[in-house]
Amino acid sequence: MKRIAVLGSTGSVGQQTLDVVRQFPHHFRVIGLAARQNATLLEEQAREFRAELICCERDDSYLNGRIRERSLRAQLATIEEIASHPDVDIVVVATGGKAGLAPTLAAIRAGKVVALANKEVLVMAGQIVTREAKINGAEIRPVDSEHSAIWQCLWGEDSKRVERLILTASGGAFRDKSLEDLVRATAEDALRHPTWNMGHRITVDSATLFNKGMETIEARWLFDVPFDKIEVLMHRESIIHSLIEFVDGSLKAQLGVPDMRLPIQCALTYPERMPASIPTRLDLSRMGSLNFGKPDLQRFPCLSLVMEAGRSGGTYPAVAAAADEVAVEHFLARRIGFMEIPRAVETSLAAHKPIKDPTLEEVLDADSWARSWAEDWIKAKAL
Ligand code: MG
């Protein structure tokens with residue numbers, strides 16, 4: 001029986017994690033649940049899974065009330081306390097944005113297995129996080145579908161014999177649009193992802209390919225490979241989730257239906273494989289064909305911007321992520337156009353004074369600097 005904590009339990013990946021847990025009541029027990037908002041859903045989850053420790057950052061008073069009137073049997077704790085609690089074996093980090101940083105580090109310092117779905121943790125502080133994991137004997141398992149694919153391909157292989165990691169990209173909602181279409185694209189258009197069902201920011205980040213750029217940085221830290229060994233391959237069907245190429249030129253890929261519950265299950269049950277928690281199976285005979293191509297960096301400049309930030313390292317990736325988050329918010333609120341998202345990222349990176357081997361504090365400082373810088377830039381544009 002593995003005891004787990006789910007951070008970000010009311011979000012998209014958090015809910016799908018609980019979906020997986022539901023399928024294996026004899027293998028997993030939920031000890032802690034944490035969320036930023038949606039206290040009523042958190043309460044429901046706490047009741048169903050009999051969680052002992054709960055935390056709702058924006059609405060602890062609601063939960064406190066339910067606990068005091070004895071309608072809910074659980075204890076309030078901070079998200080860091082849940083992440084590092086001695087009763088917890090696996091911490092699923094499904095929070096969004098930089099909110100995942102502190103609890104991930106708390107879990108790592110407590111030597112936990114961390115199932116990591118939050119990209120910013122490695123994008124902002126990959127060096128710090130992987131260094132701490134090594135020191136504390138903590139294990140980081142990928143939940144992102146591409147990284148789970150690479151991880152699965154690496155099982156039983158000698159990582160020194162791997163020549164390249166190839167991350168596949170569906171191309172998002174705008175993969176077939178012209179540059180002129182992209183300039184006029186709206187938030188509604190961007191939120192219609194062709195193959196994956198995800199939260200709002202990541203869906204827009206998929207449409208700009210910013211998300212894929214962040215994934216190259218994630219891969220760099222998760223698998224400890226230099227940037228020149230990481231490539232992005234367009235693959236619209238999202239069936240091949242990623243590949244590795246060996247020194248002899250042989251390729252190995254992982255395929256499956258595009259459903260996040262698969263990589264989540266993989267991270268929870270490793271090193272075992274369990275009967276699938278999802279009913280649909282991939283029927284290749286009905287797929288017909290699979291398509292591949294090179295990413296178009298002119299229509300999707302975010303990809304090269306983030307990869308360049310990753311290559312430069314230091315505080316650059318944190319700046320790119322923060323500026324993008326601000327720009328996406330303004331795009332979703334219809335204050336800027338789609339092609340202004342990469343402009344906001346680009347100008348923030350250009351204005352930034354980087355720190356080479358930053359401390360966590362310096363990373364967070366760079367994050368705040370980029371947020372206010374991007375806000376000001378967007379405000380000045382809107383005037
Ligand atoms: Mg992904």
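Helices and strands here are DSSP runs, numbered from the N terminus, with a helix taking at least four residues and a strand at least two. With that convention in hand, let us walk through this predicted model, starting with a loop.

Serine 238 sits in the loop between β9 (residues 230-234) and β10 (residues 240-246). Its backbone is worth a look, since serine 238 has a positive phi of about 50° although it is not a glycine. Most residues other than glycine have a negative phi, and most peptide bonds are trans. Is serine 238 buried or exposed? At 6% relative accessibility, serine 238 counts as buried, because the cut-off for buried is under 20%.

Arginine 50 makes a good companion to that residue. Arginine 50 also shows a positive phi of about 50° without being a glycine, and its place is in the loop between α2 (residues 39-49) and β3 (residues 53-56). Here the relative accessibility is 66%, so arginine 50 counts as exposed.

Now step back to the whole chain. The protein's secondary structure comes to 17 helices and 11 strands. Its radius of gyration is 20 Å, close to the 21 Å that the globule rule gives for 383 residues, so the protein is as compact as a globular protein of that length. Along the principal axes, the C-alpha trace spans about 60 × 55 × 40 Å. Of the 383 residues, 54% count as buried. The surface that the protein exposes comes to about 17,200 Å², and carbon and sulfur atoms supply 49% of it. As for charge, there are 47 positive and 52 negative charges, and their mean positions are 2 Å apart.

How is the chain knitted together? Among contacts between residues at least 6 apart in sequence, 68% join residues at least 24 apart. Aspartate 181 offers one example of distant sequence positions and their spacing: aspartate 181 and methionine 339 are 158 residues apart in sequence and 10.0 Å apart in space, C-alpha to C-alpha. Aspartate 181 is found in helix α8 (residues 179-184) and is partly exposed, with a relative accessible area of 31%.

Helix α12 (residues 261-269) is a good next stop. Seven of its nine residues are buried, so α12 is largely enclosed by the rest of the structure. Which residues of α12 are buried? They are Pro263, Ile264, Gln265, Cys266, Ala267, Leu268 and Thr269. These buried residues pack against helices α1 (12-23) and α7 (145-154), and against strands β2 (28-35), β5 (90-93), β6 (113-116) and β7 (139-142).

Follow the chain onward from α12 and you meet another backbone feature. The peptide bond from tyrosine 270 to proline 271 is cis, with omega near 5°. Proline 271 lies in the loop between α12 and α13 (residues 284-287).

Tyrosine 270 also leads us to the aromatic rings. A search of the whole structure finds seven aromatic pairs. One of them joins tryptophan 151 and tryptophan 155 in an edge-to-face arrangement, with 5.2 Å from centre to centre and 85° between the planes. Tryptophan 151 is buried, with a relative accessible area of 11%, whereas tryptophan 155, at 22% relative accessibility, counts as partly exposed. Ring pairs link Trp151, Trp155 and Tyr270 into a cluster.

Another pair is formed by tryptophan 369 and tryptophan 373. Their ring centres are 6.1 Å apart and their planes stand at 35°, so this pair is tilted. Both tryptophans lie in helix α17 (residues 360-382), four residues apart, about one turn of the helix. Tryptophan 369 is partly exposed, with a relative accessible area of 28%, and tryptophan 373 counts as partly exposed at 27%.

Trp369 brings us to the last stop, valine 319. Valine 319 has its place in helix α15 (residues 316-332) and counts as buried, at 0% relative accessibility. What does valine 319 touch, not counting residues up to four places away in sequence? The list is Ser348, Leu349, His352, Ala366, Trp369 and Ala370. Valine 319 and aspartate 365 are 46 residues apart in sequence, and their C-alpha atoms are 9.5 Å apart in space.

Key
Residues are numbered from 1 along each chain as its sequence is written. This is a predicted model: local features need pLDDT of at least 70, side-chain atom pairs count only at pLDDT 80 or more; totals for chains, interfaces and linings use all residues. Side-chain values use heavy atoms; hydrogens and water are left out. The radius of gyration is taken over C-alpha atoms; the globule rule is 2.2 Å times the number of residues to the power 0.38. Buried means under 20% relative accessible area, exposed over 50%, partly exposed in between (1.4 Å probe, protein chains only). Contact means heavy atoms within 4.5 Å. Accessible areas come from the Shrake-Rupley method with a 1.4 Å probe; for residues, only the protein chains shown count as cover. Lys and Arg count as positive and Asp and Glu as negative; His and the chain ends are not counted. The place of a charge is taken as NZ of Lys, CZ of Arg, CG of Asp or CD of Glu. Rings of Phe, Tyr and Trp (its six-membered ring) pair if their centres lie within 6.5 Å; planes under 30 degrees apart count as stacked, over 60 as edge-to-face and the rest as tilted.
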